[in-house]
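Q: Could you take a close look at the inside of this one for me? I'd like to hear about single residues as well as the packing of helices, in one connected walk-through.

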Amino acid sequence: MTEGVWLEAALNGPWTRQRQPGIPVTRAEIVEQAVACADAGAAIVHLHAYDEGSGRPSEAYDLYAPVFEAIRSRCDVICYPTVPMGARPSQGPAEARARYEVVERLGRAGLIEWSVVDPGSVTLATFAELRDGEDGFLYANSASDVRAGLELCGEHGLVPSYAIYEPGFLRTGAALRAAVPGSPSPVYRFMFSTAFAFGLPPTEWALDSYLRLLDASDPGAPWMIAGLGVELDGLWDVAMARGGHLRVGLEDAPPGCTRTNAEMVAEAYRAVQQAGRPLATASEVRRATVGSDPLPSARTRR
């Protein structure tokens with residue numbers, strides 16, 4: 001097995017500092033942590049933009065663009081944003097396309113290389129919230145939303161990042177990818193959790209179930225393990241042995257995590273080395289996903 005392992009760092013997510021105190025919120029913090037993760041071995045960085053005044057997530061082009069410009073000026077790493085987490089699925093193609101407006105502008109400007117395209121809807125609630133009578137949050141994505149995201153990825157040469165919260169997400173995502181002309185091959189990100197009640201638990205049998213379904217639905221597609229409110233280090237070796245990739249970071253970590261994003265990337269990098277696997281650079285990920293490396297390398301990975 002010679003393919004390098006991809007490391008993705010998910011810097012902050014939508015949690016705010018009330019739930020995850022260590023996340024970067026300001027532009028300077030996000031840029032510094034992205035660069036630190038790239039220096040530690042991450043080839044991919046996913047981030048959410050925040051309004052610095054309120055400390056709340058904000059999906060605005062004017063917040064994202066300078067962050068991506070600053071990161072790209074300092075290191076060679078694949079960056080991508082999120083999309084608005086609507087509690088209602090879009091009704092039809094026009095509304096779905098509008099949901100991706102910021103991503104489309106970033107893609108047109110050449111500032112991003114991947115895009116979130118999550119192929120399904122799910123209730124995001126912790127076991128504690130369900131026990132206490134709370135509802136959590138409905139993360140809703142219609143088939144129109146997924147088609148719009150895939151069409152946009154095809155138009156701007158972006159790689160779709162599929163968060164697979166439930167097995168049905170995988171089947172739906174594969175079917176829509178096949179149905180949308182010009183859709184690039186997605187990266188399937190299997191989402192596990194111990195804090196939240198969605199999906200499958202972070203176990204070897206659960207990963208193997210996803211892999212059997214992927215082989216039946218979209219054989220040969222790249223995949224990685226990730227999650228929300230979970231530590232996945234016990235599954236890293238299994239995933240790498242089966243040809244998968246790894247995502248870490250404060251978006252995915254249990255609430256109140258005291259480690260930094262760069263420390264988690266460095267820990268995953270050590271696991272890659274101990275497994276005897278090479279670590280992929282951003283250039284190598286580009287060649288594996290889009291067949292070329294259109295961006296000049298800003299630096300050589302240490």
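A: Start with T16, which sits in helix α1, the run covering residues 16-19. Keep in mind that this is a predicted model. The backbone at T16 is the thing to look at: phi is positive there, about 65°, even though T16 is not a glycine. That's worth a second glance because most residues other than glycine have a negative phi. T16 is tucked away too: its relative accessible area is 5%, so it falls in the buried class.

From there, move on to helix α2, residues 27-40, and its partner helix α11, residues 261-274. Their axes lie 8 Å apart, and the angle between them is about 15°. An angle that small is under the 35-degree cut-off, so α2 and α11 count as roughly parallel. As for the handedness, α2 and α11 cross in the right-handed sense. On the α2 side, the touching residues are Q33, A36, C37 and A40, while α11 brings N261, A262, V265, A266 and Y269. Sort the residues of this α2–α11 contact by class and you get 7 nonpolar and 2 polar, with no charged ones.

C37, one of the α2 residues in that contact, leads to the cysteines. You'll find 0 disulfides in the structure. For C37, the nearest cysteine sulfur belongs to C75, and it is 9.6 Å off. A pair would have to come within 2.5 Å to count, so C37 is in no disulfide. C37 has 0% relative accessibility and therefore counts as buried. Then there's C257, also in no disulfide: its nearest cysteine sulfur is that of C37, 12 Å away. With a relative accessible area of 13%, C257 is buried as well.

Now for another pair of helices. Helix α3 (residues 61-74) packs on helix α5 (residues 101-108) with an angle of about 35° and a distance of 10 Å between the axes. Here, too, the crossing is right-handed. The α3 residues involved are Y61, Y64, A65 and F68, and they meet V102, R105 and L106 from α5. The class count for α3 with α5 is 6 nonpolar, no polar and 1 charged. That charged residue is R105, because Arg is in the charged class.

Next, have a look at helix α7, residues 143-156, which is where G149 lies. G149 has a relative accessible area of 0%, so it is buried. Setting aside residues up to four places away in sequence, G149 touches Y100 and V117. For a sense of distance, the C-alpha of G149 is 14 Å from that of R108, with the two positions 41 residues apart along the chain.

Y100 turns up again around S115, which has its place in strand β6, residues 114-116. Once neighbours within four places in sequence are left out, the contacts of S115 are Y80, Y100, V103, C153, L158, V159, P160 and S161. So what does the solvent get to see of S115? Very little: its relative accessible area is 1%, which means S115 is buried. Y100, then, is a contact of S115 and also of G149, and that makes it a handy place to park the view while you look at both.

Key. Residues numbered from 1 in each chain as written. Predicted model: local features only at pLDDT ≥ 70, side-chain atom pairs only at ≥ 80, totals over all residues. Heavy atoms only, no water. Buried < 20%, exposed > 50% of the residue type's maximum accessible area, 1.4 Å probe, protein only. Axes fitted to C-alpha atoms, helices over the stretch in contact; angles between N-to-C directions. Helix = DSSP H or I, 4+ residues; strand = E, 2+ residues; numbered from the N terminus. Parallel < 35°, antiparallel > 145°, perpendicular 65-115°, else oblique. Left-handed = near helix turned anticlockwise from the far one by under 90°. Contact = heavy atoms within 4.5 Å.
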